[in-house]
Amino acid sequence: MTEITPEVLKHSILDALKYSLVRGPKYATREEWYTALAVAVRSLTIDHWQNFSAKLAGVDDRVVVYLSAEYLLGPHLANNLLNLGLTEAARRAIESLNADLQLALQSEEGQHKPFELSFDDLIASEEEPGLGNGGLGRLAACYMDSMATLQIPSLGYGIRYEFGIFDQRISRGWQVEITDQWLRNGNPWEIPRPQISYSVGFGGKTTSATDEAGRYRVYWRPARMVKGVAYDTLITGYRVPFANRLRLWKAESHDSFNFEAFNRGDYMRAVEEKVFSENISKVLYPNDEPQQGRELRLQQQYFFVSCSLQDMIRLHISRGSAIGNFHKCWVVQLNDTHPAVAVAELMRILLDLYYLPWEQAWEITRQTFAYTNHTLLPEALEKWDLGLFSRLLPRHTEILFELNRRFLDEVKERGADEVMARRLSLIDETPPKYIRMAHLAAAGSYRINGVAELHTELLKRDVLYDFAEIFPERFTNVTNGVTPRRWIAVSNPGLAKLITSRIGDQWVADLEAHIRRLEPLAEDAEFRAQWRRIARENKSRLAKLIELYGNVTVDPNTLFDVQAKRFHEYKRQHLNVLHIITLFKRLRRDPSLDLVPRTFLFAGKAAPGYRMAKLMIKLIHSVAGVVNEDPAVGGRIKVAFLPDYNVKHSQDVYPAADLSEQISTAGKEASGTGNMKFAMNGALTIGTLDGANIEIRRAVGPENFFLFGLTADQVRDLKSSGYRPRDYYESNPELRECLDMISSDVFSRSEPGLFAPMVDELLGYDPYMLLADYQSYVDCQERVSRAFLDTEAWTRMSILNCARTGRFSSDRSIREYCEKVWNVRI
């Protein structure tokens with residue numbers, strides 16, 4: 001393979017500009033230069049992908065398939081350049097191209113608009129693929145990265161959403177959702193595969209008959225057929241000649257134009273099938289409050305798992321393997337319940353298309369799937385109205401009823417009584433009847449895992465208690481992880497360079513084995529000074545973004561206290577706000593108070609239909625509007641909100657944080673991954689014993705973690721004994737004053753009563769125990785302030801957080817999946 005020098009890369013970029021974009025250098029826009037660079041880099045990954053294809057064809061181990069409704073990939077360019085070892089070559093190639101461009105423009109002065117070509121600007125100009133909502137999708141992306149780096153033959157499958165997670169704008173403090181047109185300039189990283197497509201049916205009816213061999217057969221006659229077309233993205237591994245494939249499905253119509261209807265003048269009916277089909281992959285997570293939204297979401301889930309299974313079986317047969325060996329050659333990881341309908345779909349394919357007997361089909365199915373649960377919230381365990389499900393998927397409904405009958409017989413044989421059997425049933429018989437997708441995933445999988453030690457224990461104790469009683473051997477834990485390539489090397493290049501200068505660069509490929517070598521450097525005064533300098537540079541860069549997008553000027557010398565995550569009541573952004581109001585109230589009472597200056601930064605999106613989460617965002621802006629302008633505060637505390645939080649923004653947020661807010665109610669967060677990213681970049685955590693916080697605290701040391709709040713057991717005990725939030729309100733003067741300030745419209749003068757629903761819920765119900773944890777949280781924040789005053793000690797703690805987070809690499813997670821779940825050799 002030719003060595004990729006800056007000069008070679010420069011000519012590849014010019015060729016892409018000329019032959020792919022048909023543009024001359026003097027006329028190309030910044031977006032076109034970015035595309036040319038992306039095309040040139042993508043071409044270098046093709047050999048790596050061919051190594052994957054060769055390994056896939058000859059592999060004698062199981063191929064790993066990751067089924068996920070989300071992939072929050074983030075920008076590709078910087079990550080691929082890092083993995084290929086070409087970051088500096090690309091920078092120098094662009095510098096050379098810019099020098100040539102300036103000479104050309106000078107020679108034709110006045111004929112072209114002045115234009116400066118900058119490598120950093122090209123990196124920043126990339127449109128982020130909007131294929132995910134939050135932690136679930138970002139985890140899938142980290143795992144694809146790690147599987148490629150570890151050279152594990154694997155395929156990711158999902159949906160090529162035309163419009164991704166919405167862009168968030170803030171108008172008068174309220175979240176406004178804007179269409180995410182991430183494909184408006186095309187996507188140079190994807191490879192369309194129009195020759196790879198599959199038909200997916202919906203609706204219709206089933207009939208039964210006896211075939212010529214005397215076998216009972218069921219035939220599904222769908223009312224509508226949709227075509228799924230493949231689009232591939234290559235996922236490169238770090239410094240290895242290997243790239244896995246992420247295959248996303250776009251929905252199209254088999255017959256996009258009804259000419260007969262058009263000739264009759266029925267123009268809407270002429271394109272009806274096209275509209276119906278393309279809607280399926282139109283948008284990520286439609287609002288499922290209306291019936292149409294729920295129906296579309298079920299269509300999406302079935303569409304992508306059907307296409308994916310058909311594709312896997314095509315590959316399986318093309319390798320010369322028998323269908324009866326499918327489970328020996330493939331393992332399919334269900335990333336939460338969204339793809340759980342795959343259990344019924346594989347049964348349908350094996351029964352109706354390959355004519356396998358039920359027992360063999362069920363054995364193959366149950367030995368193929370493994371299920372990752374990502375939630376402890378009952379409302380997040382997906383259920384489908386039986387009427388809707390049977391109307392869209394009549395054959396699958398029949399299979400589910402028979403599957404459920406046999407499954408209940410099995411659990412009764414294992415000791416379940418009638419009451420337990422009803423709880424285990426795949427069908428919730430309470431009118432209107434529902435299909436329990438988590439139960440379908442659990443029944444149809446040979447392994448079930450949680451994503452943090454506490455989560456797995458609570459999963460077995462509460463959410464899937466009956467399954468754990470009947471099938472204890474199926475349960476295991478694999479704590480989540482994140483890729484150090486994206487979250488340190490790409491996001492925090494200054495820190496990456498410093499670490500490499502002291503311990504070498506092996507940590508990028510194997511964080512767990514090497515990053516702990518930083519630990520002795522926490523006692524090196526020069527190293528601590530360098531660490532602080534890089535942190536200050538990161539904070540200055542983030543401060544500019546906050547001013548640009550959040551319209552708030554902040555001081556990089558203050559303590560950057562950051563809570564960046566999806567908005568939900570259990571994540572308790574409003575507990576953070578109560579602390580801010582407490583400090584504000586203290587300063588109003590005594591302006592001479594000696595207070596550690598802080599910048600409180602919030603970032604994250606609320607689901608469009610989640611009214612309370614959107615009210616929390618409004619409260620943050622309303623409090624900021626008062627606090628930031630109050631002369632008694634004098635700028636000592638600033639409240640800011642960074643809108644449209646995504647992977648690009650997070651790459652600036654994680655490296656700049658001093659304090660990471662991980663303050664969910666204990667027992668509610670499955671794991672979290674933002675907590676890992678903050679800690680890897682040296683932020684100290686304030687948090688509860690929830691999710692992976694427990695394991696982070698154990699890893700970094702209790703002395704380097706700010707712990708507060710009730711434990712999961714204490715939360716459960718307090719609720720069962722009769723939790724009365726108003727008692728905390730009445731017995732705690734500071735808490736009472738904070739809530740009274742909100743309810744008396746101090747922060748909503750122009751909209752009286754705006755925050756009454758939030759205060760009423762906290763006083764009357766408080767399901768996430770804010771008032772019970774308030775005083776512990778405020779006291780813990782005072783410990784944070786005292787610690788921050790000792791700069792040298794804080795820096796030591798920061799270094800140790802980074803040095804001790806090696807086990808939270810997604811490489812470790814994937815190794816554990818290979819050993820404990822997939823039975824795949826590395």
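Let's start inside: seven of the eight residues of helix α3 (residues 77–84) are buried, so this helix is largely enclosed by the rest of the structure. Here "buried" means under 20% relative accessible area, "exposed" means over 50%, and "partly exposed" is in between (1.4 Å probe, protein chains only). The buried residues of α3 are L77, N79, N80, L81, L82, N83 and L84. Right after α3 comes G85, with a positive phi near 70°.

A quick word on what you're looking at. This is a predicted model, where local features need pLDDT of at least 70 and side-chain atom pairs count only at pLDDT 80 or more, while totals for chains, interfaces and linings use all residues. Residues are numbered from 1 along each chain as its sequence is written, and side-chain values use heavy atoms, with hydrogens and water left out.

**The whole chain**

Zooming out, the secondary structure comes to 36 helices and 22 strands. Helices (H or I, at least four residues) and strands (E, at least two) are DSSP runs, numbered from the N terminus. The C-alpha trace spans about 90 × 80 × 60 Å along its principal axes. How does the radius of gyration of the chain agree with that of a compact globule? With 826 residues, such a globule would have a value near 28 Å, and the chain has 28 Å, so the two agree. That radius is taken over C-alpha atoms, and the globule rule is 2.2 Å times the number of residues to the power 0.38.

Buried residues make up 61% of the 826 residues. About 31,600 Å² of the chain is exposed, and carbon and sulfur atoms supply 50% of that area. These areas come from the Shrake-Rupley method with a 1.4 Å probe; for residues, only the protein chains shown count as cover. Of the contacts (heavy atoms within 4.5 Å) with a separation of 6 or more, 76% are between residues 24 or more positions apart.

**E177 and its company**

For a close-up, take E177 in strand β4 (residues 174–178). At 29% relative accessibility, E177 counts as partly exposed. Leaving aside its neighbours within four places in sequence, E177 is in contact with F166, D167, P608 and K614. The C-alpha atoms of E177 and D644 are separated by 9.5 Å, although these residues are 467 residues apart along the chain.

**Cysteines**

How many disulfides does the structure hold? Zero, taking a disulfide as a pair of cysteine sulfur atoms within 2.5 Å. C780 is in no disulfide, and the nearest cysteine sulfur, that of C738, is 17 Å away. C780 counts as buried because its relative accessibility is 0%. C307 is buried too, at 0% relative accessibility.

**Backbone oddities**

Most residues other than glycine have a negative phi, and most peptide bonds are trans. Here are two non-glycine residues with a positive phi:

| Residue | Phi | Place | Relative accessibility |
|---|---|---|---|
| D766 | near 45° | loop between α33 (756–764) and α34 (770–789) | 1%, buried |
| N823 | near 55° | segment after α36 (810–822) | 46%, partly exposed |

Which two residues does a cis peptide bond join? They are P431 and P432, with omega about -10°. P432 sits in the loop between β13 (427–428) and β14 (434–436).
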